[in-house]
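Student: Before we turn to details, could we go through this model together, one question at a time?

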Amino acid sequence: MSAAVADSPLPAVTTLAPPPEEETCPDGTSKPPCPAGDKEEAEVDAKEKQVEKDQEQAKKDMAAAKEKTEECPPSSKKCMDALAGDGAEQKQGMKETREELDAVQSGPQDNASSAIDSSCDGFAADLPPALLASDPQLTHMCKVMNP
């Protein structure tokens, strides 16, 4: 011991932390993991019942679909037409689409020379003057396309 501690009028006190409390469940009887409470059990039971109902409904739906398939096999055109229809709406839609596509013009109509002129003028304007004077073939294609 050091001299300062020995001369101190107060004895040295060592403080110990209390031992950690043991965790208990809300019912106070056991350590975690705790058993489910009444509310949690009720929720689990309700979900299980819903799953059972959904399974029963799925079985009924599958049975109904199987029954319809047996009543109307895919190889029966008459039956399939009754289920899906004869396609009149689709045929009409295709006809209208074809008419619209036929009306679309893919290129200039009677104004090709003006389109070519502006393209050729733009091309020639982008070339350096020295290049135009030395090689007239660069603009020759424009002249051939637009006589």
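Tutor: Helices, given at least four residues, and strands, given at least two, are DSSP runs numbered from the N terminus. With that in hand, and keeping in mind that this is a predicted model, the elements of the protein chain, read from the N terminus on, run α-α-α-α-α-α-α.

Student: How many helices and strands does the secondary structure of the protein chain come to?

Tutor: The order of elements from the N terminus is written α-α-α-α-α-α-α. The secondary structure therefore comes, with helices and strands taken as DSSP runs, to seven helices and zero strands.

Student: In which helix is confidence highest?

Tutor: Across the protein chain the mean pLDDT is 74, and 53% of the residues reach 70 or more. Where pLDDT is low, the predicted coordinates should not be read in detail. Confidence is lowest in helix α1 (residues 3-7), at a mean of 54, and highest, at 90, in helix α4 (residues 88-103).

Student: Is A82 buried or exposed?

Tutor: A82 has its place in helix α3, and the count of buried residues among the eight residues of that helix (residues 77-84) is zero. Exposed means over 50% relative accessible area. Because its relative accessible area is 67%, A82 is exposed.

Student: Which residues gather in a patch of negative charge on the surface?

Tutor: One member of the patch is E52, a residue found in helix α2 (residues 38-71). The residues that gather in this patch of negative charge are D38, E40, E41, E43, D45, E48, E52 and E56.

Notes
Residues numbered from 1 in each chain as written. Predicted model: local features only at pLDDT ≥ 70, side-chain atom pairs only at ≥ 80, totals over all residues. Heavy atoms only, no water. Patch = residues over 30% accessible without salt bridge, like charges linked within 9 Å, V, L, I, M, F, W, Y side chains within 5 Å. Areas by Shrake-Rupley, 256 points an atom, 1.4 Å probe, with all protein chains shown as cover. Salt bridge = Lys/Arg side-chain N within 4 Å of Asp/Glu carboxyl O. Lys, Arg positive; Asp, Glu negative; His and termini not counted. Charge placed at Lys NZ, Arg CZ, Asp CG, Glu CD. Buried < 20%, exposed > 50% of the residue type's maximum accessible area, 1.4 Å probe, protein only. pLDDT = per-residue confidence, 0-100.
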